[in-house]
Amino acid sequence: MTSQLPSYPGSGTGQADGTGPGPGAAASAPGRSAGPSPDEDMAGWHRLHPLSPLVRSGRHFTGLLILLVLLVVANGRKSGGGEFISEGVVIAVVLVVGIINWAVTRWRVERGVLFIETGLIRRQSLRFPLSQVQAIDVVQTGLARTLGLAAIQLRMAGADSSDAKLLALRKAEALRLREELLSLSKASHSSTSQAGAAVTAPRTQATAPTATPAQPQADERVLFHVRPGRLAAGLIFSITGVVMVIIIAAIVVITVFVHSPTANASYLPVLIGAIIGVWRQFNGQYGTMVALAPDGVRLRSGLVQTTAETIRPGRIQAVRLVEPLVWRWFGWAKLEVDVAGPRQRRENRSESRRLRALIPVGTRAEAEKMLSELVADAPRPTQRPPASTRWKAPLNYHFLAFGGDDRYAVAARGRLRRTTTWVPLEKVQSVRWVQGPVQRRLGLASVKLDVAGKRVTASATDRTVPEAAELLTRLPAQARAARARAGASERAGARASEPDGTRASEPDGTRVSEPDGTSAEHPTPAGGQSS
(Lines give C-alpha, C1' and ligand atoms only; values in the text may rest on other atoms or scores of the structure.)
Protein backbone atom coordinates (compact mmCIF):
# COMPACT_ATOMS: atom_id res chain seq x y z
CA MET A 1 0.00 0.00 0.00
CA THR A 2 1.43 3.37 -0.97
CA SER A 3 0.81 5.55 2.05
CA GLN A 4 0.16 9.28 2.20
CA LEU A 5 0.29 9.80 5.94
CA PRO A 6 0.70 13.08 7.83
CA SER A 7 4.20 14.00 8.92
CA TYR A 8 4.73 16.74 11.49
CA PRO A 9 7.86 17.99 13.28
CA GLY A 10 9.25 15.27 15.52
CA SER A 11 7.72 12.33 13.62
CA GLY A 12 9.96 9.28 13.78
CA THR A 13 10.38 6.21 11.67
CA GLY A 14 9.86 3.54 14.28
CA GLN A 15 12.77 2.33 16.37
CA ALA A 16 15.08 5.31 16.05
CA ASP A 17 14.69 6.20 19.70
CA GLY A 18 14.75 2.67 20.93
CA THR A 19 11.30 2.83 22.49
CA GLY A 20 7.92 1.47 21.53
CA PRO A 21 6.98 -1.83 20.00
CA GLY A 22 9.31 -3.36 17.48
CA PRO A 23 8.34 -4.82 14.13
CA GLY A 24 7.10 -7.97 15.75
CA ALA A 25 5.30 -6.44 18.69
CA ALA A 26 1.85 -6.89 17.28
CA ALA A 27 2.44 -10.53 16.45
CA SER A 28 4.15 -11.45 19.71
CA ALA A 29 0.98 -11.40 21.79
CA PRO A 30 -0.56 -14.83 22.23
CA GLY A 31 -3.48 -15.56 19.98
CA ARG A 32 -3.03 -12.46 17.87
CA SER A 33 -2.88 -13.19 14.19
CA ALA A 34 -0.56 -11.21 11.97
CA GLY A 35 -2.35 -8.94 9.59
CA PRO A 36 -1.20 -7.10 6.54
CA SER A 37 2.24 -5.52 6.74
CA PRO A 38 2.14 -1.81 5.83
CA ASP A 39 4.94 0.15 4.20
CA GLU A 40 7.64 1.83 6.24
CA ASP A 41 5.73 5.12 6.15
CA MET A 42 2.70 3.44 7.70
CA ALA A 43 4.74 1.53 10.30
CA GLY A 44 6.85 4.51 11.40
CA TRP A 45 5.99 6.71 14.36
CA HIS A 46 3.92 9.82 13.60
CA ARG A 47 2.93 12.81 15.70
CA LEU A 48 -0.30 14.75 15.78
CA HIS A 49 -0.70 18.27 14.43
CA PRO A 50 1.06 20.85 16.65
CA LEU A 51 -2.32 22.51 17.29
CA SER A 52 -3.78 19.30 18.73
CA PRO A 53 -3.61 20.60 22.36
CA LEU A 54 -5.78 23.53 21.33
CA VAL A 55 -8.34 21.20 19.72
CA ARG A 56 -8.19 18.83 22.68
CA SER A 57 -9.06 21.65 25.09
CA GLY A 58 -12.19 22.24 23.01
CA ARG A 59 -14.99 23.45 25.27
CA HIS A 60 -12.56 24.72 27.94
CA PHE A 61 -10.69 27.00 25.52
CA THR A 62 -13.42 29.65 25.41
CA GLY A 63 -13.73 29.76 29.19
CA LEU A 64 -9.95 30.03 29.60
CA LEU A 65 -9.82 32.84 27.04
CA ILE A 66 -12.57 34.77 28.87
CA LEU A 67 -10.74 34.26 32.18
CA LEU A 68 -7.51 35.60 30.74
CA VAL A 69 -9.30 38.65 29.31
CA LEU A 70 -10.89 39.37 32.71
CA LEU A 71 -7.51 39.06 34.44
CA VAL A 72 -5.91 41.40 31.95
CA VAL A 73 -8.67 43.99 32.36
CA ALA A 74 -8.67 43.73 36.16
CA ASN A 75 -4.90 44.05 36.49
CA GLY A 76 -4.85 46.81 33.89
CA ARG A 77 -7.25 48.89 35.95
CA LYS A 78 -5.42 48.09 39.15
CA SER A 79 -1.86 48.81 38.03
CA GLY A 80 -2.47 51.17 35.16
CA GLY A 81 -1.72 48.54 32.53
CA GLY A 82 1.90 47.97 33.48
CA GLU A 83 1.60 44.71 35.40
CA PHE A 84 0.79 41.57 33.40
CA ILE A 85 3.05 39.06 35.10
CA SER A 86 0.23 36.83 36.37
CA GLU A 87 -1.38 36.67 32.92
CA GLY A 88 1.96 35.82 31.37
CA VAL A 89 2.48 33.01 33.87
CA VAL A 90 -0.94 31.51 33.13
CA ILE A 91 -0.38 31.68 29.37
CA ALA A 92 3.11 30.19 29.73
CA VAL A 93 1.83 27.27 31.85
CA VAL A 94 -0.92 26.52 29.35
CA LEU A 95 1.53 26.61 26.44
CA VAL A 96 4.07 24.38 28.20
CA VAL A 97 1.43 21.78 29.14
CA GLY A 98 0.12 21.74 25.57
CA ILE A 99 3.59 21.36 24.07
CA ILE A 100 4.46 18.51 26.46
CA ASN A 101 1.18 16.75 25.66
CA TRP A 102 1.89 17.02 21.94
CA ALA A 103 5.52 15.93 22.31
CA VAL A 104 4.78 12.73 24.28
CA THR A 105 1.92 11.55 22.02
CA ARG A 106 2.70 9.49 18.93
CA TRP A 107 1.06 6.75 16.86
CA ARG A 108 1.83 4.10 14.26
CA VAL A 109 0.18 1.20 12.43
CA GLU A 110 2.06 -2.10 12.48
CA ARG A 111 0.82 -5.51 11.30
CA GLY A 112 -2.84 -4.52 11.34
CA VAL A 113 -2.70 -2.89 14.80
CA LEU A 114 -2.94 0.82 15.65
CA PHE A 115 -0.46 1.79 18.39
CA ILE A 116 -0.97 5.02 20.36
CA GLU A 117 1.54 6.07 23.02
CA THR A 118 0.94 9.05 25.28
CA GLY A 119 1.65 10.35 28.76
CA LEU A 120 4.74 11.79 30.46
CA ILE A 121 4.54 10.73 34.11
CA ARG A 122 1.99 7.96 33.59
CA ARG A 123 2.97 6.45 30.24
CA GLN A 124 0.28 4.61 28.26
CA SER A 125 0.81 2.29 25.30
CA LEU A 126 -2.51 1.45 23.64
CA ARG A 127 -3.09 -1.18 20.97
CA PHE A 128 -6.22 -1.39 18.80
CA PRO A 129 -6.46 -4.36 16.34
CA LEU A 130 -7.92 -3.08 13.09
CA SER A 131 -9.71 -6.39 12.57
CA GLN A 132 -12.02 -5.43 15.47
CA VAL A 133 -12.93 -2.03 14.03
CA GLN A 134 -16.69 -1.52 13.71
CA ALA A 135 -16.60 1.95 12.17
CA ILE A 136 -14.18 4.82 11.57
CA ASP A 137 -15.32 8.42 12.05
CA VAL A 138 -13.83 11.71 10.92
CA VAL A 139 -14.94 14.25 13.54
CA GLN A 140 -14.61 18.03 13.34
CA THR A 141 -15.52 20.25 16.26
CA GLY A 142 -16.30 23.91 15.62
CA LEU A 143 -12.77 24.92 16.63
CA ALA A 144 -11.21 22.17 14.50
CA ARG A 145 -13.21 23.30 11.47
CA THR A 146 -11.93 26.84 11.96
CA LEU A 147 -8.34 25.56 12.03
CA GLY A 148 -8.86 23.14 9.12
CA LEU A 149 -8.23 20.07 11.31
CA ALA A 150 -10.11 16.83 11.97
CA ALA A 151 -9.94 13.85 14.32
CA ILE A 152 -9.96 10.12 13.54
CA GLN A 153 -12.17 8.05 15.88
CA LEU A 154 -12.13 4.24 15.76
CA ARG A 155 -15.16 2.37 17.10
CA MET A 156 -14.09 -1.01 18.43
CA ALA A 157 -16.03 -4.13 19.38
CA GLY A 158 -15.90 -5.42 22.93
CA ALA A 159 -13.77 -2.61 24.42
CA ASP A 160 -13.92 1.02 25.41
CA SER A 161 -12.69 2.81 22.29
CA SER A 162 -12.72 6.32 23.76
CA ASP A 163 -8.92 6.39 23.54
CA ALA A 164 -8.86 5.10 19.94
CA LYS A 165 -8.72 8.64 18.67
CA LEU A 166 -6.14 10.71 16.83
CA LEU A 167 -6.38 14.43 17.68
CA ALA A 168 -5.76 16.20 15.41
CA LEU A 169 -4.72 15.94 11.76
CA ARG A 170 -5.21 18.14 8.74
CA LYS A 171 -8.62 17.40 7.26
CA ALA A 172 -7.37 16.10 3.92
CA GLU A 173 -4.81 13.88 5.66
CA ALA A 174 -7.45 12.58 8.07
CA LEU A 175 -9.65 11.57 5.13
CA ARG A 176 -6.75 9.76 3.45
CA LEU A 177 -5.80 8.04 6.70
CA ARG A 178 -9.38 6.84 7.19
CA GLU A 179 -9.34 5.24 3.72
CA GLU A 180 -6.06 3.47 4.50
CA LEU A 181 -7.25 2.25 7.90
CA LEU A 182 -10.47 0.93 6.37
CA SER A 183 -8.46 -0.91 3.73
CA LEU A 184 -6.16 -2.40 6.37
CA SER A 185 -9.11 -3.26 8.59
CA LYS A 186 -10.79 -5.17 5.78
CA ALA A 187 -7.56 -6.99 4.90
CA SER A 188 -6.82 -7.77 8.57
CA HIS A 189 -10.28 -9.27 9.04
CA SER A 190 -10.05 -11.50 5.98
CA SER A 191 -6.47 -12.70 6.49
CA THR A 192 -5.09 -14.83 9.37
CA SER A 193 -1.72 -16.20 10.32
CA GLN A 194 -0.62 -19.23 8.31
CA ALA A 195 2.02 -21.36 10.05
CA GLY A 196 3.35 -18.26 11.76
CA ALA A 197 3.82 -16.34 8.52
CA ALA A 198 2.11 -13.05 7.87
CA VAL A 199 -0.36 -12.80 5.00
CA THR A 200 0.30 -9.60 3.11
CA ALA A 201 -2.61 -7.69 1.64
CA PRO A 202 -2.55 -6.71 -2.02
CA ARG A 203 -0.73 -3.42 -2.53
CA THR A 204 -3.13 -0.75 -3.60
CA GLN A 205 -2.82 2.96 -4.15
CA ALA A 206 -4.57 5.04 -1.48
CA THR A 207 -6.26 7.80 -3.37
CA ALA A 208 -7.21 11.10 -1.84
CA PRO A 209 -10.94 11.73 -1.41
CA THR A 210 -12.44 13.74 -4.23
CA ALA A 211 -14.82 15.70 -2.01
CA THR A 212 -15.16 17.10 1.46
CA PRO A 213 -17.06 15.08 4.11
CA ALA A 214 -20.20 17.15 3.48
CA GLN A 215 -20.28 16.38 -0.25
CA PRO A 216 -20.96 13.13 -2.14
CA GLN A 217 -17.93 11.39 -3.59
CA ALA A 218 -17.60 9.75 -6.97
CA ASP A 219 -17.93 6.18 -5.66
CA GLU A 220 -21.02 6.87 -3.54
CA ARG A 221 -24.72 6.35 -4.13
CA VAL A 222 -26.68 8.78 -1.96
CA LEU A 223 -29.68 7.18 -0.26
CA PHE A 224 -30.96 9.93 2.01
CA HIS A 225 -30.49 13.59 2.91
CA VAL A 226 -32.42 15.06 5.82
CA ARG A 227 -34.49 18.24 5.47
CA PRO A 228 -33.60 20.81 8.17
CA GLY A 229 -37.20 22.02 8.58
CA ARG A 230 -38.54 18.51 9.01
CA LEU A 231 -35.72 17.70 11.45
CA ALA A 232 -36.58 20.73 13.62
CA ALA A 233 -40.29 19.89 13.55
CA GLY A 234 -39.60 16.26 14.39
CA LEU A 235 -37.50 17.22 17.42
CA ILE A 236 -40.18 19.62 18.66
CA PHE A 237 -42.75 16.81 18.47
CA SER A 238 -40.42 14.37 20.23
CA ILE A 239 -40.71 13.66 23.96
CA THR A 240 -37.88 16.06 24.83
CA GLY A 241 -39.35 18.75 22.60
CA VAL A 242 -42.82 18.37 24.10
CA VAL A 243 -41.36 18.69 27.61
CA MET A 244 -39.56 21.86 26.54
CA VAL A 245 -42.73 23.38 25.05
CA ILE A 246 -44.77 22.53 28.18
CA ILE A 247 -42.19 24.14 30.47
CA ILE A 248 -42.04 27.29 28.34
CA ALA A 249 -45.84 27.50 28.39
CA ALA A 250 -45.86 27.04 32.18
CA ILE A 251 -43.30 29.82 32.63
CA VAL A 252 -45.33 32.17 30.43
CA VAL A 253 -48.52 31.42 32.38
CA ILE A 254 -46.80 31.95 35.75
CA THR A 255 -45.22 35.20 34.53
CA VAL A 256 -48.53 36.60 33.25
CA PHE A 257 -50.92 35.48 35.99
CA VAL A 258 -48.89 34.69 39.11
CA HIS A 259 -45.97 37.14 38.89
CA SER A 260 -43.74 34.82 40.93
CA PRO A 261 -40.04 34.93 40.02
CA THR A 262 -39.36 32.12 42.51
CA ALA A 263 -41.79 29.78 40.74
CA ASN A 264 -40.20 30.58 37.38
CA ALA A 265 -36.74 29.92 38.76
CA SER A 266 -37.77 26.43 39.87
CA TYR A 267 -38.55 25.50 36.25
CA LEU A 268 -35.32 26.86 34.79
CA PRO A 269 -33.05 23.81 35.43
CA VAL A 270 -35.53 21.48 33.72
CA LEU A 271 -35.98 23.94 30.85
CA ILE A 272 -32.24 24.31 30.35
CA GLY A 273 -31.83 20.53 30.34
CA ALA A 274 -34.59 20.11 27.73
CA ILE A 275 -33.11 22.85 25.53
CA ILE A 276 -29.65 21.27 25.72
CA GLY A 277 -31.11 17.86 24.82
CA VAL A 278 -32.94 19.22 21.77
CA TRP A 279 -29.90 21.22 20.68
CA ARG A 280 -27.56 18.23 20.93
CA GLN A 281 -29.84 16.15 18.74
CA PHE A 282 -30.30 18.95 16.21
CA ASN A 283 -26.57 19.70 16.15
CA GLY A 284 -25.68 16.03 15.74
CA GLN A 285 -28.34 15.14 13.14
CA TYR A 286 -28.33 18.33 11.06
CA GLY A 287 -27.36 17.73 7.44
CA THR A 288 -27.46 13.93 7.80
CA MET A 289 -26.53 12.28 4.51
CA VAL A 290 -26.33 8.52 3.99
CA ALA A 291 -24.58 6.93 1.02
CA LEU A 292 -23.53 3.45 -0.04
CA ALA A 293 -19.91 2.97 -1.08
CA PRO A 294 -17.61 -0.01 -1.71
CA ASP A 295 -16.20 0.27 1.83
CA GLY A 296 -19.60 0.31 3.56
CA VAL A 297 -22.31 2.73 4.64
CA ARG A 298 -21.11 6.32 4.86
CA LEU A 299 -22.88 8.65 7.27
CA ARG A 300 -22.19 12.40 7.48
CA SER A 301 -23.90 14.80 9.86
CA GLY A 302 -23.42 17.79 12.13
CA LEU A 303 -23.94 21.54 12.27
CA VAL A 304 -21.20 22.88 14.56
CA GLN A 305 -19.39 19.57 15.11
CA THR A 306 -19.39 17.48 11.94
CA THR A 307 -18.89 13.73 11.76
CA ALA A 308 -18.06 11.56 8.75
CA GLU A 309 -18.48 7.88 9.63
CA THR A 310 -17.99 4.71 7.64
CA ILE A 311 -19.70 1.53 8.87
CA ARG A 312 -18.01 -1.49 7.35
CA PRO A 313 -20.10 -4.19 5.65
CA GLY A 314 -21.40 -6.80 8.07
CA ARG A 315 -20.95 -4.61 11.16
CA ILE A 316 -24.60 -3.62 11.54
CA GLN A 317 -26.06 -5.64 14.43
CA ALA A 318 -29.70 -4.56 14.19
CA VAL A 319 -32.03 -2.20 12.29
CA ARG A 320 -34.88 -0.39 14.05
CA LEU A 321 -37.83 1.53 12.60
CA VAL A 322 -39.34 4.03 15.07
CA GLU A 323 -42.75 5.70 14.57
CA PRO A 324 -43.85 8.00 17.42
CA LEU A 325 -47.56 8.74 17.72
CA VAL A 326 -47.43 12.37 16.55
CA TRP A 327 -45.04 11.51 13.73
CA ARG A 328 -47.49 8.94 12.39
CA TRP A 329 -50.01 11.74 11.79
CA PHE A 330 -47.52 13.29 9.32
CA GLY A 331 -46.34 9.97 7.88
CA TRP A 332 -42.84 10.37 9.39
CA ALA A 333 -40.49 7.72 10.74
CA LYS A 334 -36.95 7.24 12.04
CA LEU A 335 -34.59 4.46 10.93
CA GLU A 336 -31.71 3.53 13.23
CA VAL A 337 -28.92 0.97 13.10
CA ASP A 338 -26.92 -0.56 15.92
CA VAL A 339 -23.18 -1.20 15.73
CA ALA A 340 -21.34 -3.36 18.27
CA GLY A 341 -19.46 -1.54 20.99
CA PRO A 342 -19.87 -0.75 24.70
CA ARG A 343 -20.69 2.54 26.34
CA GLN A 344 -17.88 5.05 25.90
CA ARG A 345 -16.38 6.94 28.83
CA ARG A 346 -17.71 10.33 27.75
CA GLU A 347 -21.22 9.12 26.94
CA ASN A 348 -24.04 9.60 29.43
CA ARG A 349 -26.64 6.91 29.98
CA SER A 350 -29.10 8.15 27.34
CA GLU A 351 -26.35 8.67 24.75
CA SER A 352 -24.98 5.18 25.35
CA ARG A 353 -28.37 3.68 24.47
CA ARG A 354 -28.90 5.88 21.41
CA LEU A 355 -28.48 4.12 18.07
CA ARG A 356 -27.11 5.68 14.90
CA ALA A 357 -29.96 7.42 13.10
CA LEU A 358 -29.54 6.88 9.36
CA ILE A 359 -32.87 8.66 8.91
CA PRO A 360 -33.41 11.06 11.86
CA VAL A 361 -36.77 12.20 10.44
CA GLY A 362 -38.08 11.08 7.07
CA THR A 363 -41.16 9.86 5.28
CA ARG A 364 -42.26 6.26 5.60
CA ALA A 365 -41.36 5.75 1.93
CA GLU A 366 -37.80 6.96 2.56
CA ALA A 367 -37.50 4.65 5.56
CA GLU A 368 -38.77 1.67 3.56
CA LYS A 369 -36.29 2.42 0.77
CA MET A 370 -33.40 2.56 3.22
CA LEU A 371 -34.64 -0.62 4.91
CA SER A 372 -34.62 -2.47 1.59
CA GLU A 373 -30.95 -1.52 1.15
CA LEU A 374 -29.98 -2.76 4.61
CA VAL A 375 -32.29 -5.80 4.92
CA ALA A 376 -32.98 -7.60 1.65
CA ASP A 377 -36.57 -8.88 1.45
CA ALA A 378 -37.20 -7.78 5.02
CA PRO A 379 -39.68 -10.13 6.75
CA ARG A 380 -42.69 -8.61 8.50
CA PRO A 381 -43.97 -9.31 12.03
CA THR A 382 -47.15 -11.24 11.28
CA GLN A 383 -47.45 -13.56 14.30
CA ARG A 384 -49.81 -12.03 16.88
CA PRO A 385 -49.82 -12.95 20.59
CA PRO A 386 -52.62 -15.10 22.04
CA ALA A 387 -55.85 -13.57 23.30
CA SER A 388 -54.86 -14.07 26.94
CA THR A 389 -52.23 -11.34 26.47
CA ARG A 390 -55.05 -8.78 26.72
CA TRP A 391 -55.16 -9.36 30.49
CA LYS A 392 -51.45 -8.55 30.86
CA ALA A 393 -51.05 -5.76 28.24
CA PRO A 394 -54.51 -4.42 27.33
CA LEU A 395 -53.17 -1.22 25.71
CA ASN A 396 -50.20 -2.77 23.94
CA TYR A 397 -51.79 -6.04 22.84
CA HIS A 398 -52.70 -4.97 19.28
CA PHE A 399 -49.14 -3.72 18.63
CA LEU A 400 -47.25 -6.85 19.69
CA ALA A 401 -46.03 -9.05 16.83
CA PHE A 402 -43.15 -11.32 15.89
CA GLY A 403 -41.87 -12.95 12.72
CA GLY A 404 -38.84 -13.84 10.67
CA ASP A 405 -37.25 -16.26 8.26
CA ASP A 406 -33.96 -18.17 8.07
CA ARG A 407 -32.01 -14.86 7.91
CA TYR A 408 -33.73 -12.35 10.20
CA ALA A 409 -35.93 -12.17 13.28
CA VAL A 410 -38.30 -9.20 13.48
CA ALA A 411 -40.35 -7.92 16.41
CA ALA A 412 -42.80 -5.02 16.80
CA ARG A 413 -44.22 -3.33 19.89
CA GLY A 414 -45.40 0.02 21.25
CA ARG A 415 -48.60 2.08 21.03
CA LEU A 416 -47.27 5.61 21.66
CA ARG A 417 -43.85 4.86 20.20
CA ARG A 418 -44.14 2.01 17.73
CA THR A 419 -40.82 0.22 17.10
CA THR A 420 -40.02 -2.58 14.67
CA THR A 421 -36.63 -4.26 15.07
CA TRP A 422 -34.84 -6.53 12.58
CA VAL A 423 -31.97 -8.66 13.92
CA PRO A 424 -29.73 -10.76 11.61
CA LEU A 425 -29.68 -14.28 12.99
CA GLU A 426 -25.94 -14.51 12.32
CA LYS A 427 -25.42 -11.67 14.84
CA VAL A 428 -27.44 -13.25 17.66
CA GLN A 429 -25.32 -13.64 20.81
CA SER A 430 -27.87 -15.30 23.10
CA VAL A 431 -31.48 -16.50 23.21
CA ARG A 432 -33.26 -15.99 26.54
CA TRP A 433 -36.43 -17.40 28.09
CA VAL A 434 -38.22 -14.81 30.25
CA GLN A 435 -41.33 -15.60 32.30
CA GLY A 436 -42.66 -13.37 35.06
CA PRO A 437 -45.27 -14.26 37.70
CA VAL A 438 -48.18 -12.78 35.70
CA GLN A 439 -47.04 -14.65 32.59
CA ARG A 440 -46.83 -17.92 34.52
CA ARG A 441 -50.36 -17.35 35.77
CA LEU A 442 -51.63 -16.79 32.20
CA GLY A 443 -49.51 -19.54 30.61
CA LEU A 444 -47.33 -17.05 28.70
CA ALA A 445 -43.59 -16.56 28.19
CA SER A 446 -41.23 -14.31 26.20
CA VAL A 447 -38.18 -15.21 24.13
CA LYS A 448 -35.53 -12.50 23.64
CA LEU A 449 -32.70 -12.41 21.11
CA ASP A 450 -29.63 -10.37 22.10
CA VAL A 451 -26.92 -8.96 19.84
CA ALA A 452 -23.53 -7.35 20.54
CA GLY A 453 -24.91 -3.84 20.34
CA LYS A 454 -26.31 -1.25 22.74
CA ARG A 455 -28.90 -3.46 24.45
CA VAL A 456 -31.00 -4.05 21.32
CA THR A 457 -33.25 -7.10 21.48
CA ALA A 458 -35.84 -8.67 19.25
CA SER A 459 -38.46 -10.05 21.62
CA ALA A 460 -41.24 -12.51 20.97
CA THR A 461 -43.28 -11.08 23.82
CA ASP A 462 -46.12 -12.89 25.62
CA ARG A 463 -46.31 -16.13 23.64
CA THR A 464 -47.94 -19.32 24.77
CA VAL A 465 -45.57 -21.63 26.61
CA PRO A 466 -45.53 -24.28 23.80
CA GLU A 467 -44.84 -21.58 21.17
CA ALA A 468 -42.07 -20.03 23.28
CA ALA A 469 -40.50 -23.44 23.84
CA GLU A 470 -40.58 -24.11 20.10
CA LEU A 471 -38.88 -20.74 19.44
CA LEU A 472 -36.24 -21.46 22.08
CA THR A 473 -35.39 -24.69 20.28
CA ARG A 474 -35.60 -23.41 16.69
CA LEU A 475 -33.88 -20.01 16.91
CA PRO A 476 -30.45 -21.24 18.13
CA ALA A 477 -30.35 -23.75 15.27
CA GLN A 478 -31.29 -21.06 12.75
CA ALA A 479 -28.66 -18.70 14.19
CA ARG A 480 -26.02 -21.44 13.95
CA ALA A 481 -26.94 -22.12 10.33
CA ALA A 482 -26.91 -18.39 9.50
CA ARG A 483 -23.42 -18.01 11.00
CA ALA A 484 -22.21 -20.98 9.02
CA ARG A 485 -23.55 -19.49 5.77
CA ALA A 486 -22.01 -16.11 6.57
CA GLY A 487 -18.65 -17.70 7.35
CA ALA A 488 -18.69 -19.74 4.14
CA SER A 489 -19.58 -16.66 2.11
CA GLU A 490 -16.80 -14.65 3.74
CA ARG A 491 -14.21 -17.36 3.12
CA ALA A 492 -15.32 -17.66 -0.50
CA GLY A 493 -14.96 -13.91 -0.94
CA ALA A 494 -11.48 -13.99 0.64
CA ARG A 495 -10.37 -16.79 -1.72
CA ALA A 496 -11.78 -14.93 -4.72
CA SER A 497 -9.85 -11.78 -3.75
CA GLU A 498 -6.48 -13.56 -3.59
CA PRO A 499 -4.47 -12.19 -6.55
CA ASP A 500 -2.26 -15.28 -6.95
CA GLY A 501 -5.00 -17.83 -6.40
CA THR A 502 -3.65 -18.96 -3.01
CA ARG A 503 -6.16 -19.95 -0.38
CA ALA A 504 -6.29 -18.04 2.88
CA SER A 505 -6.38 -20.05 6.08
CA GLU A 506 -9.72 -20.76 7.73
CA PRO A 507 -10.84 -18.56 10.64
CA ASP A 508 -10.48 -19.99 14.12
CA GLY A 509 -13.46 -22.01 15.26
CA THR A 510 -15.14 -20.96 18.48
CA ARG A 511 -17.40 -23.19 20.54
CA VAL A 512 -20.61 -21.40 21.49
CA SER A 513 -23.11 -22.73 24.01
CA GLU A 514 -26.70 -22.36 22.85
CA PRO A 515 -29.64 -21.77 25.22
CA ASP A 516 -30.87 -25.33 24.68
CA GLY A 517 -27.69 -26.73 26.22
CA THR A 518 -26.08 -27.85 22.96
CA SER A 519 -22.85 -26.55 21.47
CA ALA A 520 -21.39 -26.37 18.01
CA GLU A 521 -18.23 -25.27 16.23
CA HIS A 522 -18.64 -22.17 14.09
CA PRO A 523 -16.69 -18.99 13.29
CA THR A 524 -17.18 -16.12 15.71
CA PRO A 525 -19.50 -13.59 14.06
CA ALA A 526 -17.86 -10.37 12.93
CA GLY A 527 -18.23 -7.53 15.34
CA GLY A 528 -19.32 -9.57 18.34
CA GLN A 529 -18.24 -12.05 20.98
CA SER A 530 -19.38 -15.60 21.42
CA SER A 531 -21.93 -16.19 24.13
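Here are four short exercises, with worked solutions, on the predicted model shown above.

**Exercise 1. Work out how strand E1 is covered and which way its residues point.**

Start with the residue count: five of the five residues in E1 are buried, so the strand is mostly covered, buried being under 20% relative accessible area. Next, sort the side chains by direction. Arg 106, Arg 108 and Glu 110 point one way. Trp 107 and Val 109 point the other way. Both sets are buried, charged names included: Arg 106, Arg 108 and Glu 110 are all on that list.

**Exercise 2. Find the partner of E1, then look at the turn that links the two strands.**

First, the pairing: E1 and E2 run antiparallel and are joined by five bridges. Take one pair to get your bearings: Glu 110 sits opposite Val 113 of E2. Now follow the chain out of E1 (106-110) and you land on Arg 111, in the loop before E2 (113-118). This hairpin has two residues between its strands. Check the backbone there: Arg 111 has a phi near 55°, which is positive in a residue other than glycine. Last, the surface: with a relative accessible area of 24%, Arg 111 is partly exposed, because that value falls between the 20% and 50% cut-offs.

Now try a second positive phi. Asp 377 isn't a glycine either, and its phi is about 50°. You'll find Asp 377 in the loop between helix H13 (364-374) and helix H14 (389-392). Its relative accessible area is 69%, so Asp 377 counts as exposed.

**Exercise 3. Decide whether Asp 137 is buried or exposed, and list what it touches.**

Locate it first: Asp 137 belongs to strand E4 (residues 133-140). Then read the accessibility, which is 0%, so Asp 137 is buried. Finally, collect the contacts, skipping residues up to four places away in sequence. One run of numbers gives Ala 151, Ile 152, Gln 153 and Arg 155. Further along the chain come Thr 307, Ala 308 and Glu 309.

**Exercise 4. Map the nonpolar surface patch and say which helix gives the largest share of it.**

Begin with the members: Ile 236, Phe 237, Val 245, Leu 325, Trp 329, Phe 330 and Leu 416. Together they make a patch of about 710 Å². Then trace where they come from: helix H11 (residues 325-330) supplies the largest share, three residues. Pick one to inspect on screen, say Trp 329, which lies in H11. Its relative accessibility is 63%, so Trp 329 counts as exposed.

How values were computed. Residues numbered from 1 in each chain as written. Predicted model: local features only at pLDDT ≥ 70, side-chain atom pairs only at ≥ 80, totals over all residues. Heavy atoms only, no water. Helix = DSSP H or I, 4+ residues; strand = E, 2+ residues; numbered from the N terminus. Buried < 20%, exposed > 50% of the residue type's maximum accessible area, 1.4 Å probe, protein only. Patch = residues over 30% accessible without salt bridge, like charges linked within 9 Å, V, L, I, M, F, W, Y side chains within 5 Å. Areas by Shrake-Rupley, 256 points an atom, 1.4 Å probe, with all protein chains shown as cover. Salt bridge = Lys/Arg side-chain N within 4 Å of Asp/Glu carboxyl O. Contact = heavy atoms within 4.5 Å. Pairing = 2+ DSSP bridges.
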